[in-house]
Amino acid sequence: MAESLLSYSLTRREFLGTIAAGCGALALGSTGCALQRSRTPKAHLLFYTDVHSIGERQAPKAMEEAVESINSQGADLIINGGDLIHRGFQLSAPAAEKRWDIYMGMHKAIRGEIFSTLGNHDVVAIKPKDGSPPSEDPRAMFRERLGLERSYYSFDALGYHFVVLDSILIKAQEASYGGWIDPEQLEWLKEDLSKLPPS
């Protein structure tokens, strides 16, 4: 887990340079990336991912250490990249609740607002190994636990507009998942970006 904790202090110029480099590799249909520089103060962003919350294998101790490290950074903005619990897709809802309880202990101990991303392990009960019926809405527990209306959203902070997408395609028949941004999300993204000033 310690290897998953990244903390960067970037100037806007460095941040935009990093994003612009990523835009060259990003293609969502005909959507491209265009960024204009404006004067925005320096921001300290912290990103963590792949906690894979479980109750065994020293995981709770590692999560405590991660919280200490995160809190010591004094970040202006905290984003997690998903996979907050471990193998939710093959757990029953009660088993997944226990893993969410463990993760939420870490989440609540972190100082500052956290913006969360859905990971493939965070969908619950696509096909539980114990034979329980599959969930009608595998994303429900993620949304409920993190207080989100839906699994994709945008927000403004520190002079930037952030977009968080849900790239998990659930393949219920195969009891698996793949990477995909669905058309409904792309339409939402176009509308969201259309409201932004060019700068």
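A residue counts as buried when its relative accessible area is under 20%. Keep that cut-off in mind as you work through these exercises on a predicted model.

**Exercise 1. Is Tyr-152 buried or exposed, and what about Trp-188?**

Step 1: Look up Tyr-152, which has a relative accessibility of 11%. That is under 20%, so Tyr-152 counts as buried.

Step 2: Do the same for Trp-188, whose relative accessible area is 14%. This value is also under 20%, so Trp-188 is buried.

Step 3: Now set these residues against the whole protein: of its 199 residues, 41% count as buried.

**Exercise 2. What kind of aromatic pair do Tyr-152 and Trp-188 form?**

Step 1: Check the distance. The ring centres lie 5.2 Å apart, and rings pair if their centres are within 6.5 Å.

Step 2: Check the angle. The ring planes stand at 70 degrees, and over 60 counts as edge-to-face, so this pair is edge-to-face.

Step 3: Find the partners along the chain. Tyr-152 sits in the loop between helix H4 (140–146) and strand S5 (153–157), while Trp-188 belongs to helix H5 (residues 183–194). They are 36 residues apart, so the pair links distant parts of the chain.

Step 4: Widen the view. The structure holds 7 aromatic pairs, and one aromatic cluster is formed by Phe-115, Tyr-153, Phe-155, Tyr-160 and Phe-162.

**Exercise 3. Which residues does Tyr-153 touch, leaving out those up to four places away in sequence?**

Step 1: Locate Tyr-153 in strand S5. With a relative accessible area of 12%, Tyr-153 is buried.

Step 2: List its contacts beyond four places in sequence: Phe-115, Ser-116, Leu-148, Phe-162, Val-163, Val-164 and Trp-188.

Step 3: Add a distance. The C-alpha atoms of Tyr-153 and Leu-189 are 8.9 Å apart, although 36 residues separate them along the chain.

**Exercise 4. How do helices H2 and H3 cross, and which residues meet?**

Step 1: Start with the axes. Those of H2 (residues 59–73) and H3 (residues 93–109) come within 9 Å and cross at roughly 20 degrees. Angles under 35 degrees count as roughly parallel, so H2 is roughly parallel to H3.

Step 2: Note the handedness, which is right-handed for this crossing.

Step 3: Name the residues. From H2 come Met-63, Ala-66, Val-67, Ile-70 and Asn-71; they meet Ile-102, Tyr-103, Met-106 and Ala-109 in H3.

Step 4: Sort them by class: the contact has 8 nonpolar residues, 1 polar and no charged ones.

Technical notes: Residues are numbered from 1 along each chain as its sequence is written. This is a predicted model: local features need pLDDT of at least 70, side-chain atom pairs count only at pLDDT 80 or more; totals for chains, interfaces and linings use all residues. Side-chain values use heavy atoms; hydrogens and water are left out. Axes are lines fitted to C-alpha atoms, for helices over the stretch in contact, and angles run from 0 to 180 degrees between N-to-C directions. Helices (H or I, at least four residues) and strands (E, at least two) are DSSP runs, numbered from the N terminus. Angles under 35 degrees count as roughly parallel, over 145 as roughly antiparallel, 65 to 115 as roughly perpendicular and the rest as oblique. A crossing is left-handed if the near helix is turned anticlockwise from the far one by less than a right angle, and right-handed if clockwise. Contact means heavy atoms within 4.5 Å. Ala, Val, Leu, Ile, Met, Phe, Trp, Tyr, Cys and Pro count as nonpolar, Asp, Glu, Lys and Arg as charged, and the others, Gly among them, as polar. Rings of Phe, Tyr and Trp (its six-membered ring) pair if their centres lie within 6.5 Å; planes under 30 degrees apart count as stacked, over 60 as edge-to-face and the rest as tilted. Buried means under 20% relative accessible area, exposed over 50%, partly exposed in between (1.4 Å probe, protein chains only).
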